[in-house]
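These are my notebook entries on a structure that I had not examined before. I set down what I looked up, one topic at a time.

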Amino acid sequence: MVINKNLDFDINQYEDIIEYAYREGELGVCQWNISKHKLYVSEKITGHNLGDIHSLTEFVNAIAYHKDKDLAVQDVYDYINNVTSFYNSTFRVQAKDGKIRWVLFSGKMFEDEHTKELVLKALIFDVSGLKLRGGHDTLTNLVNDRFFRRKLISSIKDAKSLNRKGALLYIEIDNYKNIINNYGFEFGDKLIKEFADIINPVTIKNHELAKMPGKTFVILIDSFDDIREVKEVCDKITDICKNNFYIDQIKIDISVSIGVSIFPDDSSNPDELIKLCDFALGQSRLRGGGICTLFNKEISKTYYRQLLIESKLSDAINNQEFCLYYQPQVDVEKNKIIGLEALIRWTNGEIGSISPAEFIPIAEKRGFIIEIGNWVLEESLKTLKKWQDKGYDLESISVNISSIELNKNNFNENLINLCKKYNIPHSKVKIEITERTLMISSDGSKRKIDKLIEEGFKIALDDFGTGYSNLKSMLDFFVHTLKIDKSLIDNIETDKSQAVIKAIIALSNYFDCEIIAEGVETKDQLDILTRLGCKRIQGYYFSRPLPESEVEKLLEKN
Ligand code: C2E
Ligand code: CA
Ligand code: CA
């Protein structure tokens, strides 16, 4: 045996530590002589004495918290039947005082050299406070995602064999991001913990509340007879959230979104069930949050359409299914097209034509947006070059950029290289970023925007005035253009819209930036805008987005 003489520890010290842990009940031992049907377990750690029990399976069944009994017993069976090659089992035990502890049993089976008896020896650890990701989330002390997945698999199996139904609920605090933006991560952790404590009582005997990574909670309803029982749980949770939350004496208003999928109806595959549930949650969020969405037939249509779109998106560039349309931006005073916004169009042989409002978010989620964005940039600069060569006089071409593109490392270099390649002055390129994008952008992305401005590119804040608006984004950057959102133009005859538009115009004067009104469809809207002092207009009233050849006809007359 090689002994490392340089080790500066004394093995006896370790024995002390082990002895201490053993004495204090943080470590226990277990020996199960399977051949002789004899069991020894140190009492302190589990807080339960053996009584008449002679096998580990019986013992585990007796001490495990009622929600974990099945899994804990299964772990022992799986090991002694060679399904698993290690005996590692994490579960909860409820001490006599009602407190719940997380324990880890870890051991191995031996055959005694002399007696040939089979013996399972295991160490038992109290892992409640440790950052071991055995079974629980250390912040909330709830079941964690790994442990939860095992429970879900076992529930689905039971539901199928017992011919019953269960439900999966995904729960998320809608404004969590805003809260941590305002108060920091530590505060966010406190909120998560408080939230767990408040919704835990909603879960009853056959429910399991678990904490997924990030800010998502999940409830597993093992079985239910009537879907109303599931809806009741959702209602209780949304109701609880209407109460005031106080964290560090600060009053916090929260709302939650919930998504529900049912097994085995929606699926009996745990991963798919989770995906469907997450999708339903996403639908709740899309509808503004604060609601619960059941994965039903209607949502399933959207889900499968998204899957179809996803599957077709990857080849769309290679198959040359995209093209760009351009929508004129008109200066009403000069009666002249001053710029064009490039808008992508997609026609797929099987699906038909698909609106960017539908496929761009999917492309963003699945990462296709980078390739698509590159294509859009190159295509629009190539076209601008043609128009430049033909002598058309345009202030700029506008290109929409999503936050994911901006987050990409080489976005700026790429743009600069493309401008070089097509000989386009930077000032002719306007990058349209939505206010929302800007708000969720990392500091790195914000620095990139700064650099773009330094390089002479123009920045337009898209969808301005839609509720995300905050002045900070304007103070942070030298924004060149504010695009007044279509929703304000749609309601332009109301006092409220006019007041907001007036305020935006005042802002633009103060910050010395230009404004463009988007989605102008009627003469009445145009008249009101002109009266309020907005001279630049984009909308169907002047022109819909047009293919290159048709825009050229307009530019010819310009
Ligand atoms: P957006 O950037 O706000 O673009 C304006 C949208 O309003 C366009 O829809 C345009 O066709 C439409 N629009 C313009 N004037 C009017 C009007 O008077 N009435 C009505 N009803 N609609 C009008 P489109 O082309 O369907 O694009 C939808 C969204 O998709 C865009 O909203 C933009 O966010 C995104 N998008 C489009 N092309 C691209 C692209 O190349 N890259 C990225 N990242 N996003 C894009
Ligand atoms: Ca835009
Ligand atoms: Ca817009």
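Entry 1, terms. I take buried to mean under 20% relative accessible area and exposed to mean over 50%, with partly exposed in between. I also note that this is a predicted model.

Entry 2, two acidic neighbours. I asked whether Asp-463 is buried, exposed or partly exposed. Asp-463 has 26% relative accessibility, so I class Asp-463 as partly exposed. Asp-462 has 5% and therefore counts as buried.

Entry 3, the calcium ion (ligand 3). I looked up which residues hold this ion, and I found Asp-462 (OD), Asp-463 (OD) and Glu-518, the last entered twice through OE, at 2.2 to 2.5 Å. Along the chain, the donors follow the spacing D-D-x54-E.

Entry 4, the calcium ion (ligand 2). Which residues coordinate the calcium ion (ligand 2)? I recorded Glu-341 (OE), Asn-400 (OD1), Glu-432 (OE) and Asp-462 (OD), at 2.2 to 2.3 Å. The donor spacing in sequence reads E-x58-N-x31-E-x29-D.

Entry 5, the two ions together. I found the calcium ions, ligand 2 and ligand 3, to be 4.2 Å apart, with Asp-462 coordinating both. The pair links distant parts of the chain, for Glu-341 belongs to strand S15 and Asp-462 to strand S19, 121 residues apart. I noted that both Glu-341 and Asp-462 are buried.

Entry 6, ligand 1 and its polar partners. I next listed side-chain N or O atoms that lie by oxygen atoms of ligand 1. For Asp-462 the distance is 3.0 Å, for Glu-341 it is 3.2 Å, and for Glu-518 it is 3.4 Å. Asp-462 thus appears again, having already been entered as a donor to both calcium ions. I then looked up the cover: of the 800 Å² of accessible area that ligand 1 has on its own, the protein covers 82%.

Entry 7, the shell of ligand 1. The elements that give two or more residues to the shell are strand S15 (336–348), helix H11 (356–366) and strand S19 (458–464). The largest share, four residues, is that of S15. How many residues surround ligand 1? I found 22, the closest being Gln-327, Arg-345, Asp-462, Glu-521 and Tyr-540. By class, I recorded nine nonpolar, five polar and eight charged residues in this shell.

Entry 8, Val-330. I turned to Val-330, which is in strand S14 (residues 322–331). Its relative accessibility is 7%, so I count Val-330 as buried. Leaving aside neighbours within four places in sequence, I found Val-330 in contact with Lys-336, Ile-337, Ile-338, Lys-535, Arg-536, Ile-537 and Phe-542. I also looked up the separation of Val-330 and Asp-266: these residues are 64 places apart along the chain, and their C-alpha atoms are separated by 51 Å.

Entry 9, Thr-216. I located Thr-216 in strand S9 (residues 216–224). Is Thr-216 buried or exposed? At 9% relative accessibility, Thr-216 is buried. Not counting residues up to four places away in sequence, Thr-216 touches Tyr-170, Ile-171, Glu-172 and Lys-211. With Glu-172, I noted a polar contact between the two side chains at 2.8 Å.

Methods. Residues are numbered from 1 along each chain as its sequence is written. Chains are lettered from A and ligands numbered from 1 in the order in which they are written. This is a predicted model: local features need pLDDT of at least 70, side-chain atom pairs count only at pLDDT 80 or more; totals for chains, interfaces and linings use all residues. Side-chain values use heavy atoms; hydrogens and water are left out. A residue is near a molecule or strand if one of its heavy atoms lies within 4 Å of it. A polar contact is a pair of N or O atoms within 3.5 Å; within protein, one must be able to donate a hydrogen and the other to accept it, and residues adjacent in sequence count only if both atoms are side-chain atoms. Accessible areas come from the Shrake-Rupley method with a 1.4 Å probe; for residues, only the protein chains shown count as cover. Ala, Val, Leu, Ile, Met, Phe, Trp, Tyr, Cys and Pro count as nonpolar, Asp, Glu, Lys and Arg as charged, and the others, Gly among them, as polar. Donors are N, O and S atoms within 2.8 Å of the metal (3.2 Å for Na, K and Ca); water is not among the atoms, so sites may look incomplete. Buried means under 20% relative accessible area, exposed over 50%, partly exposed in between (1.4 Å probe, protein chains only). Contact means heavy atoms within 4.5 Å.
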